[in-house]
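Student: I'm new to this structure and would like a close look at a single part of it. Could you pick one strand and walk me through what surrounds it?

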Amino acid sequence: MAETSQETAASASSTEKYVIFKTGGKQYQAVPGKTLAIEKLIGESGDSVEFPEVLFVKNGEDQYYFGQPHVEGFVLKASIVKQIKGPK
């Protein structure tokens, strides 16, 4: 059985801002304008996805939000750029 992965583009806009979130048992850092490769994410190219398990948010120079375990009220929204199948 082949593993699948896909890339998503996180929605935000500077290196002063980033989010640490969890999906599929792994943690990722989402930086505005960057694309991430995320394994085993269900959806098609162009679909919107939400990641509710936000662990940490840096929103500017002096704004930090730490989750215990998740940051209340924060959901990372992204879109699927493309689907990639790994080697068998």
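Tutor: Let's take strand β2 and work outwards from there, after a quick look at the whole chain.

Keep in mind that this is a predicted model. The protein has 0 helices and 8 strands, so if you read along the sequence you simply get β-β-β-β-β-β-β-β. Of its 88 residues, 31% are buried. About 6,000 Å² of the protein is exposed, and carbon and sulfur atoms supply 49% of that. Look also at how the chain comes back to itself: among contacts with a separation of 6 or more, 62% link residues that are 24 or more positions apart.

Now for β2 itself, which covers residues 17-23. β2 belongs to an open sheet of 4 strands, and the order across that sheet is β3-β2-β6-β7, with antiparallel pairing. At the edges you find β3 (26-30) and β7 (64-66), each of them pairing on one side only. On average, neighbouring strands here are turned by 10° against each other, if you ignore direction. As a bit of background, strands of a sheet pair through backbone hydrogen bonds, either parallel or antiparallel.

That order puts β2 between β3 and β6, and we can take those two sides in turn. On the β3 side, the two strands pair in the antiparallel sense over 5 bridges. One of the residues to find there is I20, which stands opposite Q29 in β3. Follow the chain from β2 into β3 and you go through a hairpin with 2 residues between the strands. In that hairpin, G24 takes a positive phi near 60°.

On the other side, β2 is joined by 5 bridges to β6, residues 54-59, and again the strands run antiparallel. Two pairs are handy for lining up these strands in the viewer: K17 stands opposite N59, while F21 has V54 as its bridge partner.

Let's stop at T23, which also lies in β2. Is T23 buried or exposed? It is buried, because its relative accessible area is 18% and the cut-off for buried is under 20%. Setting aside neighbours within four places in sequence, T23 is in contact with Y28, I38 and F51.

F51 is a good one to follow next. Not counting residues up to four places away in sequence, F51 touches F21, T23, I38, L41, V75, L76 and A78. That takes us to β5 (48-51), a strand with two unlike faces: V49 and F51 are on the covered one, S48 and E50 on the uncovered one. β5 also has a pairing of its own, with 4 bridges joining it to β8 in an antiparallel run. Within that pairing, the bridge partner of V49 is A78 in β8.

Finally, step back to the interior. Nonpolar side chains in soluble globular proteins tend to be buried together. Here, the largest nonpolar core has 15 residues, and those touching the most other members are F21, L36, I38, V49, F51, V54 and L76. The elements giving two or more residues to this core are β2, β3, β4 (35-39), β5, β6 and β8 (76-85). β8 gives the most, with 3 residues. So, following the links from β2, we have met F21 twice: as the bridge partner of V54, and as one of the core residues with the most contacts to other members.

Definitions and conventions: Residues are numbered from 1 along each chain as its sequence is written. This is a predicted model: local features need pLDDT of at least 70, side-chain atom pairs count only at pLDDT 80 or more; totals for chains, interfaces and linings use all residues. Side-chain values use heavy atoms; hydrogens and water are left out. Two strands pair if DSSP finds at least two bridges between them. Axes are lines fitted to C-alpha atoms, for helices over the stretch in contact, and angles run from 0 to 180 degrees between N-to-C directions. Buried means under 20% relative accessible area, exposed over 50%, partly exposed in between (1.4 Å probe, protein chains only). Contact means heavy atoms within 4.5 Å. Accessible areas come from the Shrake-Rupley method with a 1.4 Å probe; for residues, only the protein chains shown count as cover. A nonpolar core is a set of buried Ala, Val, Leu, Ile, Met, Phe, Trp, Tyr and Cys residues joined through side-chain atoms within 4.5 Å.
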